[in-house]
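Here is a walk through a structure, starting from a single residue and working outwards. Have the model open while you read.

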2 protein chains.
Amino acid sequence: MRILGIDPGYHRCGFAVVARGAPGAVELKGSGTIETRRGEDLALRLCALGLELDRLLQAWAPDCVAVEEIYFTKNAKTAIGVAQARGVVLEHSAAAGISVAEYAPTTVKSQLTGNGRATKQQVAFMVARLIKLDDTARLDDELDAIAVALCHAMRADMPAELR
Amino acid sequence: MRILGIDPGYHRCGFAVVARGAPGAVELKGSGTIETRRGEDLALRLCALGLELDRLLQAWAPDCVAVEEIYFTKNAKTAIGVAQARGVVLEHSAAAGISVAEYAPTTVKSQLTGNGRATKQQVAFMVARLIKLDDTARLDDELDAIAVALCHAMRADMPAELR
């Protein structure tokens, strides 16, 4: 099973491709960020994001796209910006015929660290224990995309009644 | 000039096509709502919305799409839902090569009624004075789409330095 994890954003959107084979065998196939041009109109930036997403969906042919739900923080403006990009991610995934799994941020943290309120550092530490990463420095958005893809890799087979 | 006004939503999305000829000559060419299936996954609903938007953009070939900015209300969940649909609207418009005009809700109200805090009733009254409407009952989302299209019809030519 191949999972495309996405951390949505219209300025920078993180992505990660994780492949799961036998139980416990999870491998990072690729990851990175999609960046759009600062100062350009939002509609054009979302359009650029859509084009790059289509390329990723085609290149990696994932079985599933995993995306975090939006945690509603104090910064409403940021949340609305992220939500607009998230809409494009969900829509392009569905239009490509790929199922979408949505996880609350607390679920991702709990699944990876055992603590729903884990810090970014705790999540990053556990990501590095659960999956082999090279020494490349990674941006937060990329790490977040790896985290949500890993979370899905671990939970995808869980029957609904056990969740 | 033909303007497609959109009031974004993932459950129900209002649209209106307004044509502007000579100064003051504004005509409603068509309006309605796009509805998606309650209970279906958000990604599929956004996908259905995207398909209908593409049909509208193709059928009406507007010169511009006019959309309200998101007014941040107390209901964060609603705002995030609307923002996800709004992202799809902006992205599909830009992908079709059509420019997008964004207006703050207070600008739309001011432009149509002279009062940035006008009620829905005041806006509806002024819409009916500014454009010929038949007696069809219209949903709020449809009226909001007519309002933002009308706002753009009235303001599109205004030089940036006079705004």
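A residue counts as buried when its relative accessible area is under 20%, and as exposed when that value is over 50%, with partly exposed in between. Keep that in mind, along with the fact that this is a predicted model.

**A serine tucked inside**

Let's begin with B:Ser93, which sits in helix H2 of chain B, the run covering residues 76-95. Is B:Ser93 buried or exposed? Its relative accessibility is 3%, so B:Ser93 counts as buried. And what is B:Ser93 in contact with, once neighbours within four places in sequence are left aside? The partners are B:Leu57, B:Val65, B:Ile98 and B:Val100.

**Two copies, one axis**

Now zoom out to the pair of chains. Chain A lands on chain B after a rotation of 180° with 0.0 Å of shift along the axis, and the RMSD of that superposition is 0.0 Å. That is the relation of a two-fold axis. Both copies use the same surface, with 100% of the contact residues of chain A recurring in chain B. If you want to find the axis on screen, look for A:Gln84: of the residues of chain A, A:Gln84 comes closest to the rotation axis, its C-alpha being 2.2 Å away.

The size of an interface is often given as the accessible area lost when the parts come together. For chain A and chain B, that buried area is about 1800 Å², and 75% of it falls on carbon and sulfur atoms. In terms of residues, 23 from chain A are in contact with 23 from chain B. As for the polar side of things, four residue pairs are in polar contact between chain A and chain B, counting pairs with both residues at pLDDT 80 or more. Salt bridges across this interface come to zero.

Which elements of chain A give two or more residues to the side that touches chain B? They are helix H1 (42-60), helix H2 (76-95) and strand S5 (99-103). H2 of chain A gives the most, with 13 residues.

**Salt bridges**

Although the interface has zero salt bridges, the count over all chains is 18. Here are three of them, each with its closest N to O distance.

| Acidic residue | Basic residue | N to O distance |
|---|---|---|
| A:Glu40 | A:Arg37 | 3.8 Å |
| A:Glu102 | A:Arg86 | 2.7 Å |
| B:Glu102 | B:Arg86 | 2.7 Å |

Take the chain A pair of A:Glu102 and A:Arg86. A:Glu102 lies in strand S5 and A:Arg86 in helix H2, so the salt bridge ties together parts that are 16 residues apart in sequence. A:Arg86 is buried at 2% relative accessibility, while A:Glu102 is partly exposed at 30%.

Chain B has its own version: B:Arg86 forms a salt bridge with B:Glu102, linking helix H2 to strand S5 (residues 99-103) across 16 residues. B:Arg86 counts as buried, with 2% relative accessibility, and B:Glu102 is partly exposed, with a relative accessible area of 30%.

The remaining pair in the table has another setting. A:Arg37 is exposed at 62% relative accessibility, and its partner A:Glu40 is partly exposed at 31%. Elsewhere in chain A, you'll find A:Arg12, A:Glu35 and A:Asp141 linked in a network of salt bridges.

**Cysteines without partners**

A disulfide is a covalent bond between the sulfur atoms of two cysteines. How many does the structure hold over all chains? Zero. Two chain B cysteines show why. The sulfur of B:Cys13 has its closest cysteine sulfur in B:Cys47, and at 14 Å that is too far for a bond. For B:Cys151, the closest cysteine sulfur belongs to B:Cys64, and 11 Å is again too far. Both cysteines are tucked away: B:Cys13 is buried at 0% relative accessibility, and B:Cys151 is buried at 0% as well.

**One last stop**

Finish at B:Lys109, in helix H3 (residues 105-113) of chain B. B:Lys109 is partly exposed, with a relative accessible area of 28%. Not counting residues up to four places away in sequence, B:Lys109 touches B:Gly114, B:Asn115, B:Gly116, B:Arg117, B:Ala118 and B:Val123. Further along the chain, B:Met126 is 17 residues from B:Lys109, and their C-alpha atoms are separated by 9.6 Å.

Notes:
Residues are numbered from 1 along each chain as its sequence is written. Chains are lettered from A and ligands numbered from 1 in the order in which they are written. This is a predicted model: local features need pLDDT of at least 70, side-chain atom pairs count only at pLDDT 80 or more; totals for chains, interfaces and linings use all residues. Side-chain values use heavy atoms; hydrogens and water are left out. Helices (H or I, at least four residues) and strands (E, at least two) are DSSP runs, numbered from the N terminus. Buried means under 20% relative accessible area, exposed over 50%, partly exposed in between (1.4 Å probe, protein chains only). Contact means heavy atoms within 4.5 Å. Copies are superposed by least squares on the C-alpha atoms of residues with pLDDT of at least 70 in both. A disulfide is a pair of cysteine sulfur atoms within 2.5 Å. Buried area is the accessible area (1.4 Å probe) that two parts lose on being put together, summed over both. A salt bridge is a side-chain nitrogen of Lys or Arg within 4 Å of a carboxyl oxygen of Asp or Glu. A polar contact is a pair of N or O atoms within 3.5 Å; within protein, one must be able to donate a hydrogen and the other to accept it, and residues adjacent in sequence count only if both atoms are side-chain atoms.
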